[in-house]
Amino acid sequence: MKITKLPTLKYGTIWEDPIKGHRIGCLDATNKKDVIKLMNGRKSVLAIQDPPYNLNLNKEFKELPIKEYISWSEKWVDNTIEILEENASLYVWLGGDIKNGLQPLVDFVLMMRNKPVKLKNFITLRKQRGYGTQKNWMSVRQELLYYVKNNPFFNVKAEYTNIPKILRGYYKTVGGKLTETMERSKSPYIRAGNVWVDIQQVFYLLEEHVEGCYTQKPLKAIARIIDASSNKNDPIVDFFAHSGSTLLQAEISNRKCYTMDISPIYCKITLARLLHYRNTGKTGWGRIKIIKNEEIAVNDEVLLRG
Ligand SMILES: C[S@@+](CC[C@H](N)C(=O)[O-])C[C@H]1O[C@@H](n2cnc3c(N)ncnc32)[C@H](O)[C@@H]1O
């Protein structure tokens, strides 16, 4: 049956996907009862969290005093750790304001030292475009913290990029024979490592773009995380859905996603993005102005059909 009208997800409601079992809740990540309601008795092997970065971005994202921001963060962190499986991965997208002593990144990392998870890596997604200036280095980084609860699965194959290895000349004697790097390597391609240089940030010319979602994360980055840290049909979670990138990539990668956003607008966008993809095969709305002044600016027909 074709859906022609999108439901409005008011605070407290959950949309359950009859096809693949995803769940989208209009809920509060800092509220334990809301998180339990979203999870419906399930646990997750992988959480990909992208909270607001404590910046004055627009009328929705405001800067809080750092102590307040950290105690707010602690609540969603505790709620997340509680619904993770015994062995699980927790990825957190976050930023540090260079003009403000790298808050909240630094404060967040310190707070996390007291939690029952371990920092396993610190990944930087190297953007292709940045804030240019003649008086400073260009800012081109997006940070991604990788924490583990105990000893989760890690699929190293997910790490390989399609960038060919070009640097030769590391010689080593193996079995009495002098070998060169390429002869010894497992793959002709480089590993992504913890600086990802092969992922285009989302901008208006890309199909996956959702106009008005300023903090949208690239599907390719989420695909890499999902491939590295979950198996087919594992439920994954994202408590800050926004444009619904984690949910959409979960659909594409054959995982279930349990996601929420406190804002009914972004819950609707998240649901619309999934259904639009199922209807059209498109991953976003490209240049169409979906959101203006933090309100949805188009009707359901456009959201569903493009
Ligand atoms: C940085 S954005 C997430 C971007 C997302 N990863 C994407 O790719 O589009 C943060 C989102 O968190 C939501 N949010 C803020 N406070 C929240 C809370 N307490 N519970 C759930 N969602 C919240 C905001 O409405 C916003 O959509």
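Where does N254 lie? In this predicted model, N254 lies in the loop between α6 and β15, the latter spanning residues 256–261.

**Two residues with positive phi**

N254 has a phi near 60°, a positive value in a residue other than glycine. L102 also is not a glycine, and its phi is positive at about 60°. L102 is placed in the loop between β5 (96–97) and β6. The table sets out these two residues, together with L119, by location and by C-beta neighbours.

| Residue | Location | C-beta neighbours within 10 Å |
|---|---|---|
| L102 | loop between β5 and β6 | 15 neighbours, partly exposed |
| N254 | loop between α6 and β15 | 13 neighbours, partly exposed |
| L119 | strand β7 (residues 118–131) | 14 neighbours, partly exposed |

Why does N254 count as partly exposed? The class covers counts between the limits of 12 or fewer for exposed and 20 or more for buried, and N254 is partly exposed because 13 C-beta neighbours lie inside 10 Å.

**The cis peptide bond**

The bond between Q103 and P104 is a cis peptide bond, with omega at about -5°. P104 belongs to strand β6, which covers residues 103–104.

**Contacts of L119**

L119 is a residue of strand β7. Leaving aside residues up to four places away in sequence, L119 touches M112, L145 and Y147. V148 is 29 residues from L119 along the chain, and the C-alpha atoms of the two are separated by 6.5 Å.

**Helices α5 and α6**

Helix α5 is made of residues 219–229 and helix α6 of residues 245–252; their axes come within 9 Å and cross at roughly 60°. That angle is why α5 is described as oblique to α6. The crossing of α5 past α6 is right-handed.

Which residues of α5 meet α6? They are L219, I222, A223 and I226, and on the α6 side the residues met are S245, T246, L248, Q249 and A250. Sorted by class, the contact of α5 with α6 has six nonpolar residues, three polar residues and no charged ones.

**Around the ligand**

There are 20 residues around the ligand, and A29, D50, F240, H242 and S243 come nearest. By class, the shell around the ligand has nine nonpolar, seven polar and four charged residues.

Note on methods. Residues are numbered from 1 along each chain as its sequence is written. This is a predicted model: local features need pLDDT of at least 70, side-chain atom pairs count only at pLDDT 80 or more; totals for chains, interfaces and linings use all residues. Axes are lines fitted to C-alpha atoms, for helices over the stretch in contact, and angles run from 0 to 180 degrees between N-to-C directions. Helices (H or I, at least four residues) and strands (E, at least two) are DSSP runs, numbered from the N terminus. Angles under 35 degrees count as roughly parallel, over 145 as roughly antiparallel, 65 to 115 as roughly perpendicular and the rest as oblique. A crossing is left-handed if the near helix is turned anticlockwise from the far one by less than a right angle, and right-handed if clockwise. Two residues are in contact if their C-beta atoms, placed from the backbone, lie within 7 Å. Ala, Val, Leu, Ile, Met, Phe, Trp, Tyr, Cys and Pro count as nonpolar, Asp, Glu, Lys and Arg as charged, and the others, Gly among them, as polar. A residue is near a molecule or strand if its C-beta atom, placed from the backbone, lies within 6 Å of it.
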